[in-house]
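Notebook open, model loaded. I'll start with the fold and then look at one spot on the surface.

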Amino acid sequence: MTPQEIRPDATSLRGLAHPLRVRMLNLLREQGPATATLLAVRLGQSTGATSYHLRQLAQYGFVEEDPGRAAGRERWWRAAHRNTVLEGDVGQAAPVETETYLRAVAAAYAERVDRWLGELPALPPAWRETFTLSNWRLRLTTTEAAELHGRLFALLESYRRDAPDVEAPADAESVMVQAQVMPFLRPAEDRPTEDEGRGEGADR
């Protein structure tokens, strides 16, 4: 079974910090194993480009050959993990690669929304009350933001995963949930000092 997640370090993140590699890895995770030729057709790229980027992804452990599909001269590739988890300390150790990777992820999310909007008119009536494109502007402390982050993840983990080895009812469909928690901080000069943030001296 494919391991659940990979947590890249500053070195291995370099192997993923490329827009086309993020798109290729997403396709392998969502649609299953493919060859460089199949990925090239789906992404509108040359086979040479997808072949090169597959080798780079394999070098850093994000994809692997699928021995069960070996046939002829062309190799089949599969995602080595279901998810990528980027930890905060990696962003500090490799800021350029982290920004490149996150921008590629954001672009992939936008592309997915655009594709879904194109399919929306054909959505059956029973599903029309299940979707949303919404945002909420909140005013939180770091503690509250961390709590929100944890509760969102816990809620989503309580639902059935869309994975080949997970049993599901016959009428279950693939539902994609995209979440962004984005702190927009005030300029440093407008933020309270540490003592002000704790409320010390309020009665003086």
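For helices and strands I took DSSP runs, numbered from the N terminus: H or I of at least four residues for a helix, E of at least two for a strand. This is a predicted model, so I kept local features to pLDDT of at least 70 and side-chain atom pairs to 80 or more, while totals for chains, interfaces and linings use all residues. Numbering runs from 1 along each chain as its sequence is written, and side-chain values use heavy atoms, without hydrogens or water.

Fold first. I count seven helices and five strands in the chain. Along the sequence they read β-α-β-α-α-β-β-β-α-α-α-α.

Next, overall shape. I get a radius of gyration of 21 Å, where a compact globule of 204 residues would be near 17 Å (C-alpha atoms; the globule rule is 2.2 Å times the number of residues to the power 0.38). The C-alpha box along the principal axes is roughly 80 × 45 × 30 Å.

Burial: 23% of the 204 residues are buried (under 20% relative accessible area; exposed is over 50%, partly exposed in between; 1.4 Å probe, protein chains only).

Then the surface spot. Where does Leu140 sit? I found Leu140 in the loop between α5 (95-119) and α6 (142-157). Leu140 is partly exposed, at 42% relative accessible area. Together with Trp136 and Leu138, Leu140 makes a nonpolar surface patch of about 380 Å². Patch residues need over 30% relative accessible area and no salt bridge, with nonpolar side chains (Val, Leu, Ile, Met, Phe, Trp, Tyr) joined within 5 Å and like charges within 9 Å. A salt bridge here is a Lys or Arg side-chain nitrogen within 4 Å of an Asp or Glu carboxyl oxygen. Areas are Shrake-Rupley with a 1.4 Å probe, and for residues only the protein chains shown count as cover.
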